[in-house]
Structure formats: C-alpha cells, structure tokens
Amino acid sequence: MYYTDESELSFYDKFRTYKIEKGETLQSVAQKFGIEARELRRYHNAYCLISDLIEDDFKRYSKFLILAPEKIDREVNEIIEKKEKRVVLGKENKLSFLPRGISRDYSVEYTFEDGGKIDKMGMAIRVKWIATDENKYTLFEITRSLNLFIDDIEPDRIMDELGSKIVEVLYPLKIVVDESGKWIDIYNYDEIVSRWENKKNEIFDYYKKDAEVTQGLIKFSEYALMSKHNLFEKIRSDYFLRSFFNGIHTTYASDYLLQKEVSFPLEKIEESVFKIQQKINPFLNDDNWVEIEQEGEYLNSVEGINFNGKIWIGSYRALYCLNSNSGFIEKMNFECSIDYIEPIKISLKIESLKKVETK
C-alpha cells in the first residue's frame with residue numbers, strides 16, 4: 001500500500017496541482033482541461049517525485065497531477081491549436097460510431113446518367129437516432145421529402161404524384177444498423193404494410209384513368225410487401241441508404257487503411273462489385289472532421305471477363321466527412337460508374353443542413 005506523508009504534501013504545495021478523482025484517467029483529465037495528454041504527462045514528469053512518474057496512465061495510487069502555470073497552459077494550447085489534430089481510433093483501431101441523441105437534416109442531390117440521358121433530382125432527408133441496444137445495434141428513423149426535381153425537365157405529373165404516394169407508405173422508415181454503421185434490416189415492416197392497405201385503394205380510385213400504370217405500380221408494390229425479405233431487397237437499391245449506411249466504422253490497419261470489396265445497385269439485373277481501397281486521413285480537416293476516402297475499380301463477373309466476353313471498365317469514389325466526436329456523417333460525395341453496353345453513372349452529394357440534438 002502506498003501512503004502520502006506530510007513531506008510529500010508540502011512538496012506538491014509548491015505547484016499548481018489537480019487532485020485526481022477515483023476512476024479518472026490521464027486521457028479523461030486531458031479532455032477536461034482541453035490539452036493533449038502527452039503535454040500533461042511531460043510537464044508533470046519534469047517536476048514530480050520519481051515515485052509519481054506517469055507512464056501510460058496514472059498509477060493506482062496517484063493523488064496529484066502537477067499542472068503548468070496558466071500562462072504556459074495558454075501558450076501550449078495555442079501551439080496545439082495550430083498543429084494538425086490527429087484522428088484517434090478506438091479499441092482495436094476501430095473508427096468510433098456514437099450516434100446516440102443524433103438527428104440530422106440533409107440535402108441530397110442525385111445525378112443519374114444512363115447512355116445519353118441525364119436525370120437530376122434533390123430532396124431533404126432526416127436521419128434520427130431512436131435507440132441502441134446492448135449488442136450495439138442501432139435503430140434509426142428515416143424521413144424524406146417528396147422528390148424535388150432540379151433539372152430543367154418537367155416531371156410527369158401522374159408518375160410524380162404516384163411516387164409521392166409510395167413515399168407516404170414507406171416513410172417514416174425505421175432501419176436497423178450494426179456497430180459498423182451498415183444497414184442490415186427493416187424494423188417497421190408491419191407498420192408499412194398497414195399503411196399500404198390504407199393507401200392502395202385510394203391510389204387505384206384516384207388514378208383510374210391511367211389504370212395500366214396504376215395496376216403495374218400496385219402489382220409491384222404488392223410483391224415487394226409480400227415479406228420483410230422482399231421489401232428489404234427492393235429498398236436495398238435506394239442510393240442514399242446504401243451509400244450513407246455503408247459500414248465505414250470498422251477496424252483499420254495501423255496506417256489507417258483497408259482493402260475490401262463493395263457492391264452497389266448500379267446495374268439493372270445484378271449489383272455491381274468494386275474492389276476498393278478505404279483510407280482515413282490521419283489528421284482532421286479544417287472543419288475538424290474525419291475524412292474517409294474510398295477509391296477502386298469495377299470487378300468483372302468471371303476473372304475479369306463478363307458473360308459477353310468483354311471487359312468493362314468502372315470506377316468507385318467516395319469521400320465521407322464525419323463529426324470527430326460522434327463519427328456521424330456531416331457531408332459526403334459519392335460517384336460510381338461503368339462503361340456498360342451504354343455507360344451508366346450515379347453521383348450523390350449529401351450535406352448536413354443543420355445540427356439537431358435530441359434528448
């Protein structure tokens with residue numbers, strides 16, 4: 001057992017000190033003072049008793065931390081603020097995902113190119129944290145505005161109105177996300193089915209004059225809602241959900257890098273697969289955000305050759321900007337393309353409109 005005698009107390013009376021509370025760590029005290037842990041350790045170790053030297057963390061019996069005079073603190077903080085701030089990964093080099101209490105409104109702009117045709121549209125989407133369980137599965141509620149077309153082409157009114165009716169059925173959509181931030185399930189399937197039962201007759205009655213289009217939509221919707229699995233598979237083609245909840249909060253190598261394969265619903269028949277490099281910028285950007293870049297190339301179906309015997313070229317690029325405290329997305333740009341039979345390309349721009357914290 002270590003005891004503090006009177007001579008030791010009088011020794012520490014010479015300095016500006018902090019009394020260490022039970023359970024505190026060097027890192028937690030550093031955060032409290034807003035100064036880097038290594039600076040606290042450096043100054044303390046320069047003046048403390050040999051028995052109180054700090055190594056990786058406080059000793060079990062540590063009572064006091066010697067602090068630099070306030071003037072020196074200010075000077076050190078000014079120097080630190082001018083330095084690049086390094087991204088700190090969690091246990092096992094995992095990027096933190098702490099969405100508790102988060103609600104974000106985003107502007108979302110899509111550009112879809114298929115052959116020579118280019119379609120653009122934009123909308124507002126809210127992502128709201130609902131709960132996180134003991135297994136670190138998180139429930140989010142997704143709400144979205146009706147499609148707002150931003151190109152110069154006037155949308156087909158009937159199709160646009162029909163689309164808005166489907167939005168009213170699907171949203172609010174509640175989804176389950178795993179601890180890496182990847183979307184894995186639909187939570188409110190029964191609620192969506194109930195909305196559909198209340199809405200489909202209204203859709204059919206209102207659009208009787210376009211019965212062929214309406215019946216086709218109803219038939220498609222009925223199939224999608226036949227089971228949770230069917231609905232999940234259909235909604236998986238949603239570009240926002242796939243790119244936003246992309247499982248980027250995972251374990252990285254010591255160089256902040258990993259290699260992996262990702263799929264994306266770009267082709268009509270099957271998902272496009274890309275081999276990418278995913279890298280975290282080791283330092284926060286000017287907005288104090290964590291930057292993650294993904295870049296890679298299209299993988300052809302069979303050892304580099306597709307079923308037509310042709311090699312297709314494609315690319316995948318994304319830039320995520322994350323809040324450094326929560327790991328939640330503040331802004332992202334996404335683009336993938338294939339020089340297919342006719343070239344196809346999807347681009348997304350997603351940006352937080354405002355920060356709303358829930359309690």
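**Exercise 1. Find the elements of the chain with the lowest and the highest mean pLDDT, then decide where this predicted model should not be read in detail.**

Solution.
1. Among the elements of the chain, strand β6 (residues 148-149) has the lowest mean pLDDT, 52, and strand β7 (residues 173-177) the highest, 96. The model is a predicted one.
2. Next, look for stretches with a pLDDT below 50. Residues 1-7 form one of them, and this stretch has seven contacts in the model beyond near neighbours in sequence. Residues 152-159 also have a pLDDT below 50, with five contacts beyond near neighbours in sequence.
3. Where pLDDT is low, predicted coordinates should not be read in detail.
4. For the chain as a whole, the average pLDDT is 81, and 79% of the residues score at least 70.

**Exercise 2. Describe the make-up of the chain: its elements, its buried share and its accessible surface.**

Solution.
1. Count the elements: the chain has nine helices and 14 strands.
2. Of the 359 residues, 41% are buried, taking buried as under 20% relative accessible area.
3. The accessible surface is about 21200 Å², and carbon and sulfur atoms account for 50% of that area.
4. Take the contacts between residues at least 6 apart in sequence: 61% of them join residues at least 24 apart.

**Exercise 3. Trace how strand β11 pairs with strand β10 and with strand β12.**

Solution.
1. Start with β10 (residues 272-280) and β11 (residues 289-298). These strands are antiparallel and pair over seven bridges.
2. Pick out a bridge between them: Ile 280 has Ile 292 in β11 as its partner.
3. Move on to β12 (residues 314-323), which runs antiparallel to β11 and is joined to β11 by nine bridges.
4. Here Val 290 stands opposite Leu 322 of β12.
5. When reading side chains along a strand, recall that in a regular strand they alternate between the two faces of the sheet.

**Exercise 4. Which residues have the most contacts inside the largest nonpolar core, and what does Phe 245 touch?**

Solution.
1. The largest nonpolar core has 65 residues, and those with the most contacts inside it are Val 127, Phe 140, Ile 142 and Phe 245.
2. Strand β13 (residues 329-338) gives the largest share of this core, five residues.
3. Leaving aside neighbours within four places in sequence, the contacts of Phe 245 include Val 127, Phe 140 and Ile 142. Also among them are Ile 175, Val 177, Trp 183 and Phe 240, together with Gly 181 and Lys 182.
4. Another core lies apart from the largest one; its twelve residues include Ile 20, Leu 40, Ile 54 and Phe 58.
5. In soluble globular proteins, nonpolar side chains tend to be buried together.

Notes. Residues are numbered from 1 along each chain as its sequence is written. This is a predicted model: local features need pLDDT of at least 70, side-chain atom pairs count only at pLDDT 80 or more; totals for chains, interfaces and linings use all residues. Side-chain values use heavy atoms; hydrogens and water are left out. Helices (H or I, at least four residues) and strands (E, at least two) are DSSP runs, numbered from the N terminus. Buried means under 20% relative accessible area, exposed over 50%, partly exposed in between (1.4 Å probe, protein chains only). Contact means heavy atoms within 4.5 Å. Accessible areas come from the Shrake-Rupley method with a 1.4 Å probe; for residues, only the protein chains shown count as cover. Two strands pair if DSSP finds at least two bridges between them. pLDDT is the predictor's confidence in each residue, from 0 to 100. A nonpolar core is a set of buried Ala, Val, Leu, Ile, Met, Phe, Trp, Tyr and Cys residues joined through side-chain atoms within 4.5 Å.
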